[in-house]
Amino acid sequence: MKILLTGAGGQIGYELLQCLQGRGELLAPGRDRLDLERPDQLRELIRAWRPDVVVNAAAYTAVDQAEREPDAARRVNAAAPAAIGEAARQVGAAVVHFSTDYVFDGRKLSPYEEDDPTGPLNVYGQSKREGEQALLASGARCLLLRTSWVYGLRGRNFLLTVLRLARERDSLRIVADQYGAPTWSRSVAQCCARVLAQAERASDRDEWWALNGGIFHMSAQGRTSWYGFTRSALERMRLPRTPAVHPIASHEYPTPAKRPAYSVLSGARLEQHFGLRMPHWEQSLADCLASGAPDPV
């Protein structure tokens with residue numbers, strides 16, 4: 001199986017690069033070769049290399065910065081997936097694409113199902129929703145995987161920021177009224193690799209993709225707040241000096257982009273369809289922190 005992986009330098013993309021090694025022919029061009037803000041490059045590469053699957057892990061993920069750079073966010077999160085879908089359909093490739101819990105407005109008080117109405121509150125979420133819609137309309141066989149609150153020990157994410165601030169400050173003020181499921185980038189990559197393994201084993205891959213496309217939620221089990229996640233991370237790190245952590249309301253920490261108050265995703269469809277269940281967020285956090293030293297931020 002020929003796999004084209006975009007965004008291999010990002011959090012999920014880096015982990016996918018490790019998970020997909022040895023699964024056939026893997027091409028993972030860096031930014032110097034593939035600029036996601038230039039859709040023609042994507043089309044040309046897909047048409048020339050003719051992969052069996054395009055795994056699009058690239059995204060514009062700076063949520064607050066997207067409010068100031070909406071055009072850049074849409075080029076990467078909407079125009080690029082549209083170009084991938086168009087070219088993939090032309091060469092007969094399938095597409096695996098990652099999306100976000102931020103396509104929802106947070107008004108629901110139970111886990112979001114894949115078919116629930118969307119209603120993004122910020123530019124980032126809207127651009128990701130536009131990317132979903134473009135892929136679904138492209139005619140390509142596609143699998144859209146929504147995840148949430150992604151973190152890891154490399155790149156830029158909430159966990160690394162908290163660990164840095166914990167070493168610099170005596171106290172932290174953390175939002176306690178936004179609820180979601182913190183999801184380790186490695187667990188997303190491992191689960192995605194298992195899905196691709198099922199496709200690879202299928203006797204008729206075209207039929208497999210036709211039967212297994214659509215939107216699936218792939219985030220950790222359970223739920224917590226940013227405050228709860230912070231408390232759990234610091235307790236597990238056992239730092240020489242642990243700062244006091246104070247819960248605050250969202251309005252006490254205003255940000256350019258509004259966040260949904262509740263964005264927990266249901267994993268029932270993933271489990272029913274593929275027999276896969278993501279780990280609980282607390283177990284993933286423990287595994288993540290035990291897996292190595294975090295990168296400095």
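Helices here are DSSP runs of H or I with at least four residues, strands are E runs of at least two, and both are numbered from the N terminus. Keep that in mind for the labels below, and remember that this is a predicted model.

**Stop 1: the whole span.** Select residues 1-290. According to UniProt, in an unreviewed entry, this stretch carries the feature "domain: RmlD-like substrate binding". Its end C-alpha atoms are 33 Å apart, and the span is 44% helix and 17% strand.

**Stop 2: the sheet.** Now show the strands and pick out the open sheet of six, which runs β2-β1-β3-β4-β5-β10 with parallel pairing. Look at the edges: β2 (25-27) and β10 (214-217) each have a single partner strand, so one side of each has no neighbour in the sheet. Going from one strand to the next, the twist averages 20°.

Zoom in on β5 (residues 141-147) and β10, which run parallel and are joined by four bridges. For a landmark there, click Leu144, which sits opposite Ile215 in β10.

**Stop 3: helices on the sheet.** Add α2 (residues 39-49), a helix that packs on the sheet and touches β1 (2-6), β2 and β3 (53-56). The direction of α2 makes about 165° with that of β1. Then add α5 (residues 123-138), which also packs on the sheet, with contacts to β4 (94-100), β5 and β10. Here the angle between the directions of α5 and β4 is about 160°.

Next, select α1 (residues 11-19). Which residues of α1 are buried? They are Gln11, Ile12, Gly13, Glu15 and Leu16. Show what surrounds them and you'll find that they pack against β1, β3, β4, β5, β6 (150-151) and α7 (185-201).

**Stop 4: the nonpolar cores.** In soluble globular proteins, nonpolar side chains tend to be buried together. The largest nonpolar core in this model has 61 residues, and the members touching the most others are Leu159, Leu234 and Leu285. Helix α4 (residues 70-91) supplies the largest share of this core, nine residues.

Centre on Leu234 and show its contacts. Setting aside residues up to four places away in sequence, Leu234 touches Val162, Leu163, Ala166, Leu172, Leu239, Thr242, Pro243 and Val245. There is also a second, separate core of 32 residues, with Leu20, Leu143, Ala189 and Phe216 among them.

**Stop 5: helix α6.** Select residues 158-168, which make up α6; buried here are Leu159, Leu160, Val162, Leu163, Leu165 and Ala166. The cover over the buried residues of α6 includes β6, β7 (171-175), α9 (226-237) and α11 (281-290). Before moving on, show the side chain of Asn157, which caps the N-terminal end of α6. One of its side-chain oxygens lies 3.1 Å from the backbone nitrogen of Leu159.

**Stop 6: Ser250.** Finish in the loop between β12 (244-248) and α10 (268-274), where you'll find Ser250. Is Ser250 buried, exposed or partly exposed? Its relative accessibility is 24%, so Ser250 counts as partly exposed.

Apart from neighbours within four places in sequence, Ser250 is in contact with Val175, Asp177 and Gln178. Turn on side chains to see two of these as polar contacts: the Ser250 side chain pairs with that of Asp177 at 2.6 Å, and with that of Gln178 at 3.0 Å. As a last step, draw a distance from the C-alpha of Ser250 to that of Met278: the two residues are 28 apart along the chain, and these atoms are separated by 28 Å.

How values were computed. Residues are numbered from 1 along each chain as its sequence is written. This is a predicted model: local features need pLDDT of at least 70, side-chain atom pairs count only at pLDDT 80 or more; totals for chains, interfaces and linings use all residues. Side-chain values use heavy atoms; hydrogens and water are left out. Two strands pair if DSSP finds at least two bridges between them. Axes are lines fitted to C-alpha atoms, for helices over the stretch in contact, and angles run from 0 to 180 degrees between N-to-C directions. Contact means heavy atoms within 4.5 Å. Buried means under 20% relative accessible area, exposed over 50%, partly exposed in between (1.4 Å probe, protein chains only). A polar contact is a pair of N or O atoms within 3.5 Å; within protein, one must be able to donate a hydrogen and the other to accept it, and residues adjacent in sequence count only if both atoms are side-chain atoms. A nonpolar core is a set of buried Ala, Val, Leu, Ile, Met, Phe, Trp, Tyr and Cys residues joined through side-chain atoms within 4.5 Å. UniProt positions are given in the numbering used here, feature names are shortened, and annotations may be inferred rather than shown by experiment.
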